[in-house]
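Welcome, and thanks for taking a look at this one with me. Here are a few notes to help you find your way around.

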Amino acid sequence: MSAPLVIPYFIPHQGCPHRCVFCNQSLITSKYSRNSLNTGLPDCRELDRVIQKYLAFKGDRPRVELAFFGGNFLGLPAPDIKRLLERVSVYLECGEIDSIRCSTRPDTITEERLELVRDYRLDLVELGVQSMDDTVLGRAGRGHTREDTVRSVQKLKEAGIRVGVQVMAGLPGDSRQGALDTAGTLADLSPDLARIYPVLVLAGSTLAKWYEAGRYTPLGLDEAVSQVKEMAGIFDRQGIPVVRMGLQASEMMDDPSQVLAGPWHPAFGHLVFSALMFETACEEIDRYLDRVGKRGAEQVALMVHPRSLSRVQGNKKENLEKLAGRYPGLKFSIVTDNGTAQGRVRVKKALP
């Protein structure tokens, strides 16, 4: 089935009672909020404009979802939430939009808020968890706790709403093992999906001041890829899809005056998937060599799904170079095969 068309409507910082040390939502969304939610009068005309713009690109996709991103949607004043949902209801009723999703903080999931949105086809709530370590959460200025996340996941599941979790790698005071523990704890809660973001030092954030004062050192790109790869593997082993790794590319993200430091790469997710595919390929090659011995494996074919071809090759085909270095004397060829599951590798003797 084709992926749905997701219409993003950003509400930078709106509904947020705290300003996290790493945050500058206006930069991340590449715009400043043009609505007037802080006045209690949501700009539904702007919402209509965004919806109409994206609906023009629906094509043959079977579903359309409206997503409130960038702020703390369920932390908005109740009248503002209702006004926005009522406006989207016009599109729900005529079938142009099928469902709504939003991102919000774990501590805003209350019985009152869930009752407020009950009749508006809110299908998915993504929780800005970031960490399951209360000390790390406190240092980041999150203002919520590990227990808030556990409780909110349970409440959403009881309400029949799908749950997404957003986590970060490289938070101040966190460690590699701490981030892996966060991923493991969240995976045990069985969310429906996950997103993993390495921390970047954004201009205008508290973290930028800490970085400039030498109080914070971000992850390097290689370390971030390695750490996020392990976090993604934890979710994957429990059948939880990781739908994004790294922030989406934009003009702002390539501006060194806005992104001051950190593991930024326009294809960060591809780097992680390529690292995962390299590990998978090595595991399958080792199994194959154990079966046939090195004498029978001078030429090896790696069978991959066509959609996995770029990932097994790696960024700038670096995986092929790494395979040659790890297995000297073996010659590799890559063969696309629709019968191989995406993200997997099958190994066989190459045909002469």
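Which helix lies across strand 10, strand 11 and strand 12? Please keep in mind as you look that this is a predicted model.

1. The helix to look for is helix 10, residues 268–292, which lies across strand 10, strand 11 and strand 12. Relative to strand 12, helix 10 runs at about 40 degrees.

2. Now for the strands themselves. They form an open sheet of three strands in the order 11-10-12, and the pairing is mixed. Strand 11 (331–336) and strand 12 (346–349) are at the edges; each has a single partner strand, so one side of each is left without a neighbour in the sheet. On average, neighbouring strands of this sheet are turned by 30 degrees against each other, direction ignored.

3. Strand 10 covers residues 299–304 and runs antiparallel to strand 12, with four bridges joining the two. If you would like a place to start, try Ala301, whose bridge partner in strand 12 is Lys348. As general background, strands of a sheet pair through backbone hydrogen bonds, either parallel or antiparallel.

4. Helix 10 also has a part in the second largest pocket: helix 10, helix 9 (221–237) and strand 8 (242–245) each supply at least two residues of its lining. The space in this pocket comes to about 760 Å³.

5. Which residues lie nearest the centre of the second largest pocket? They are Asp236, Phe273, Leu276, Gly343 and Arg344, out of 23 residues that line this pocket. Sorted by class, the lining has nine charged, eight nonpolar and six polar residues.

Key
Residues are numbered from 1 along each chain as its sequence is written. This is a predicted model: local features need pLDDT of at least 70, side-chain atom pairs count only at pLDDT 80 or more; totals for chains, interfaces and linings use all residues. Side-chain values use heavy atoms; hydrogens and water are left out. Two strands pair if DSSP finds at least two bridges between them. Axes are lines fitted to C-alpha atoms, for helices over the stretch in contact, and angles run from 0 to 180 degrees between N-to-C directions. Contact means heavy atoms within 4.5 Å. On a 1 Å grid over the protein atoms alone, a cavity is a set of points where a 1.4 Å probe fits but cannot get out, and a pocket is an open set with protein on both sides within 12 Å along at least five of seven lines; lining residues have an atom within 4 Å of a point. Grid points are joined across faces, edges and corners, and a volume is the space filled by probe spheres set on the points. Ala, Val, Leu, Ile, Met, Phe, Trp, Tyr, Cys and Pro count as nonpolar, Asp, Glu, Lys and Arg as charged, and the others, Gly among them, as polar.
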